[in-house]
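Here are a few exercises to work through with the model open beside you. Try each task before you read its solution.

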Amino acid sequence: MEWIVIFGAGGHAQVIIDILELMGLYRIAGIYDDNPALIGKFVAGYPVLGLVHSNVVAKKGIIGIGDNVQRESLERAIRGRTPDFEFVNAIHPSAVIGKNVILSEGTAVMAGSVINPNAVIGPHSIINTMASVDHDCILEPFASIAPGAHLGGNVRVGARTFVGMSATVIHNVHIGHDTVIGAGATVVKDIPNHVVAYGSPAKPIRGRVMNERYL
């Protein structure tokens with residue numbers, strides 16, 4: 001088995017570690033995190049080897065950070081230091097993946113989730129626990145679908161956009177980039193870029209600025 005590393009030591013990273021252990025394809029050399037107090041300690045049974053911007057001990061790994069913008073920023077930094085670094089996927093064995101689905105590098109697919117045929121999941125995206133992505137959907141890079149959220153067929157989700165817990169998006173809807181869909185929302189029409197939208201039906205409530213936290 002090949003050696004890999006994990007970037008991030010929080011709750012999301014620990015879910016990723018659990019999935020990787022169940023997959024049985026890789027050996028985890030250790031973790032890199034931005035908290036200096038964790039260096040030398042163990043998280044989920046693995047040593048924290050250094051800060052996330054350190055030179056790493058392996059040429060493969062995955063970013064275990066739930067925040068979409070932070071995940072993108074770290075990916076760029078890793079590519080800048082190690083251009084040939086290879087990002088692996090973490091796919092829970094209980095996930096259902098349909099025919100002709102494209103799972104790009106660095107993707108995390110959690111327990112009980114479903115991705116139906118012909119969907120395209122962009123790099124470093126997250127399909128969280130018990131979420132579903134129906135046929136012919138497109139997730140742009142660094143998007144994330146929260147636990148229990150459901151996308152109908154032919155939905156497009158923009159880069160770095162977050163679809164909140166238990167939200168429902170009907171078929172043929174386009175959600176712009178850098179947008180947040182609130183928990184429990186029902187999205188029945190297109191939602192633009194850079195907004196926070198929630199409710200049933202979901203409506204844009206306010207604008208968002210770049211790097212604004214949403215978790």
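**Exercise 1. Work out whether H12 is buried or exposed, and find what it touches.**

Step 1: H12 has a relative accessibility of 17%. Buried means under 20% relative accessible area, exposed over 50%, and partly exposed in between (1.4 Å probe, protein chains only). So H12 counts as buried, because of that 17%.

Step 2: Place it in the fold: H12 sits in helix α1. Helices (H or I, at least four residues) and strands (E, at least two) are DSSP runs, numbered from the N terminus.

Step 3: Leaving aside residues up to four places away in sequence, H12 touches G64, I65, G66, M110 and I126. Contact here is heavy atoms within 4.5 Å.

A word on the ground rules: this is a predicted model, where local features need pLDDT of at least 70, side-chain atom pairs count only at pLDDT 80 or more, and totals for chains, interfaces and linings use all residues. Residues are numbered from 1 along each chain as its sequence is written, and side-chain values use heavy atoms, with hydrogens and water left out.

**Exercise 2. Find the strands that β5 pairs with, and say which way its residues point.**

Step 1: Two strands pair if DSSP finds at least two bridges between them. β1 (residues 2–7) and β5 run parallel, joined by three bridges; I6 has I62 as its partner in β5.

Step 2: β5 is also joined to β6 (residues 86–87) by two bridges, again parallel. Here G61 is opposite F87.

Step 3: In a regular strand the side chains alternate between the two faces of the sheet. In β5 (residues 60–63), K60 and I62 point one way, G61 and I63 the other, and all are buried.

**Exercise 3. Trace the open sheet of six strands and name its edges.**

Step 1: The order is β8-β11-β14-β17-β20-β23, with parallel pairing.

Step 2: β8 (96–97) and β23 (186–187) are the edge strands, each pairing on one side only.

Step 3: Check one pair: β11 (residues 114–115) and β14 (residues 132–133) share two bridges, and V114 partners S132.

**Exercise 4. Which members of the largest nonpolar core touch the most other members?**

Step 1: A nonpolar core is a set of buried Ala, Val, Leu, Ile, Met, Phe, Trp, Tyr and Cys residues joined through side-chain atoms within 4.5 Å.

Step 2: Among the 30 residues of the largest core, the answer is I127, V133, L139, I145, L151, V163 and I181.

Step 3: A second, separate core has 20 residues, including I4, A13, I19 and L20.
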